[in-house]
Amino acid sequence: MQYKSQAVAKPYFIAAIGLFVGQILFGLIMGLQYVIGDFLFPAIPFNVARMVHTNLLIVWLLFGFMGASYFLVPEESETELYSPKLAMITFWVFLVAGALTVLGYLLVPYATLAKFTGNDLLATMGREFLEQPLITKVGIVIVALSFLFNIAMTVLKGRKTAISLVLLLGLLGLAVFFLFSFYNPANLVKDKFYWWWVVHLWVEGVWELILGAILAFVLIKVTGVDREVIEKWLYVIITMTLITGIIGTGHHYYWIGAPEYWQWWGSIFSALEPIPFFMMTVFAFNMVNRRRREHPNKVATLWALGTGVMAFLGAGLWGFLHTLAPINFYTHGTQLTAAHGHMAFYGAYVAVVLTMISYAMPILRGRAANSPKAQVVEMWAFWLMSVSMVFITLFLTGAGIVQIWLQRVSDTPMGFMAVQDQVAIFYWMREGTGVVFLIGLIVYLCSFFVKSESKVAA
Amino acid sequence: MSTTFTKSMARNIFYGGSVFFFLLFIALTVDTTYALPKRDNSQNLTPSVERGKKVWEVNNCIGCHTLLGEGAYFAPELGNVYVRRGPEFIKAWIKAQPTGAPGRRQMPNFHLTDEELDDLVNFLKYTSEINTNKWPPNIEG
């Protein structure tokens, strides 16, 4: 560790992994409810499990981004963190608020939760991914601001690199666009229109800046390739991200009441959204091939390459599959959307956070890299999780295609529930591969506890 | 990439390109805002519809259903349910939950009052009249 204050990243990473485990467990519950409808009913209805599944994902990725920032920024800025103490206060506030929110989802009926958390004051709840009670949303803003302040002050007092500036810009965008979660007009079309300013402009916009910055940082470290080269790539990639992704928001505006011209804007620009992901893959492989050093942390390099490939497949290819308006007319809101969502989130964001953890955690624990044995275990985890995610995606795609055919394309369309019965086999296979994913995650956890017989010198 | 294309050129293209396309997005948003009143059925946005939207939200209906194709994919699309099923069926259905049929997907009972049920149905009626460019492809949603 070059700077003492980088140590604050460690609790963030541990919390992220812990919440990740929770997310997967609830994912398995939901997967089973798809085929055994009354599983755990009424204790955990599907909507509650889903809220926990998606909200835990968002929160643990945010923990991951914050931990990554606290590790990366001191090193990039060549100075200690502005306030490690503030970073730790933010950590506990965020963790406690997150835990209380999840407990609220699980223990109290949602309507009661809404009543007691000020939803009558300002109604923001009950919208997909933005289910958090008002007080949690306010808490998220406070945490984001104090985090941003801490990171910005560190960048300002030290060296300013392209990586830290891009990261800062991404984090600023994250905070700013979250503010639209407080705007919930009675007009459903406007509600949905601006809801995407949080959801789309996060995951297909500013989060990709954060992703790019983290990936670039790790690639500089593990390959030793000249910073000028890597940062130039970073700028080109995020340029493509934003010029395709911002107008690409239009691919959500086809069928929600917005004007028809969005079908053109959305189709054309979002059809280009795979380009930055493709470039990211080429970039990662290129840098690793041109490496100037053999970094002992092989598994971090594997994760970095995996981020490129899985993000391209999940976000790029599976996004492109159904982004053109004439196709989306039939696929909108089916299991195909779920298929894309799973691999895109895994490939782009889960993988990049795990890349950073893989690189940083050994250093935080006082060594350049884990023992070869521990790395092999972690590589197993990488392959188990990545391959099972590919199959989860394929099975959901199968379910989606059959669903689209029977319910939307056919001359004698079947009802929703009748179609669900027809595709049950795909849901069973998805649940099976979900269990493999969990095994991969358990192997991943184990990799942190593999005793090293020969420590690599730090 | 060749050495004639420098990092500062890449950076300038990034800032210029992002600002340009964000401004274009704002311009399209402004145009959309002006175009919406003809499409979004806002003339029928009564107090009852507004209350109905809140009933929809505080019971997290989006956690299982889709509305205009957005939400969870566990239960049927409700953007056009008013047309598909009609008001009385919707109310009777909600009151009859959960079915308790073994192995079948269960919808909780939300203990809605008659007024809340009416508001919710009015909200679903208003939603079904939004101009969605003819989506969904058929009545099944």
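Biologist: Why is Gly432(A) called partly exposed?

Modeller: In this predicted model, Gly432(A) has a relative accessibility of 36%. Buried means under 20% and exposed over 50%, with partly exposed in between, so 36% makes Gly432(A) partly exposed.

Biologist: Where in chain A is Gly432(A) found?

Modeller: Gly432(A) is in helix α16, which covers residues 424-447 of chain A. Ile392(A) is 40 residues away from Gly432(A) in sequence, yet their C-alpha atoms are 8.7 Å apart in space.

Biologist: Turning to chain B, how does its radius of gyration compare with that of a compact globule of 141 residues?

Modeller: Chain B has 22 Å, where a compact globule of that many residues would have a value near 14 Å. The globule rule is 2.2 Å times the number of residues to the power 0.38, so chain B, at 22 Å against 14 Å, does not fit the compact case. Its C-alpha trace spans about 70 × 40 × 30 Å along the principal axes.

Biologist: What share of the residues in chain B is buried?

Modeller: Buried residues are 50% of the 141. The cut-off for each is a relative accessible area under 20%.

Biologist: What makes up the secondary structure of chain B?

Modeller: Five helices and two strands, in the order α-α-β-β-α-α-α from the N terminus.

Biologist: How many positive and negative side chains does chain B have?

Modeller: There are 15 positive and 14 negative ones, and the centres of the two sets lie 8 Å apart. Of the roughly 6,700 Å² that chain B exposes, carbon and sulfur atoms supply 62%.

Terms used
Residues are numbered from 1 along each chain as its sequence is written. Chains are lettered from A and ligands numbered from 1 in the order in which they are written. This is a predicted model: local features need pLDDT of at least 70, side-chain atom pairs count only at pLDDT 80 or more; totals for chains, interfaces and linings use all residues. Side-chain values use heavy atoms; hydrogens and water are left out. Helices (H or I, at least four residues) and strands (E, at least two) are DSSP runs, numbered from the N terminus. Buried means under 20% relative accessible area, exposed over 50%, partly exposed in between (1.4 Å probe, protein chains only). Accessible areas come from the Shrake-Rupley method with a 1.4 Å probe; for residues, only the protein chains shown count as cover. Lys and Arg count as positive and Asp and Glu as negative; His and the chain ends are not counted. The place of a charge is taken as NZ of Lys, CZ of Arg, CG of Asp or CD of Glu.
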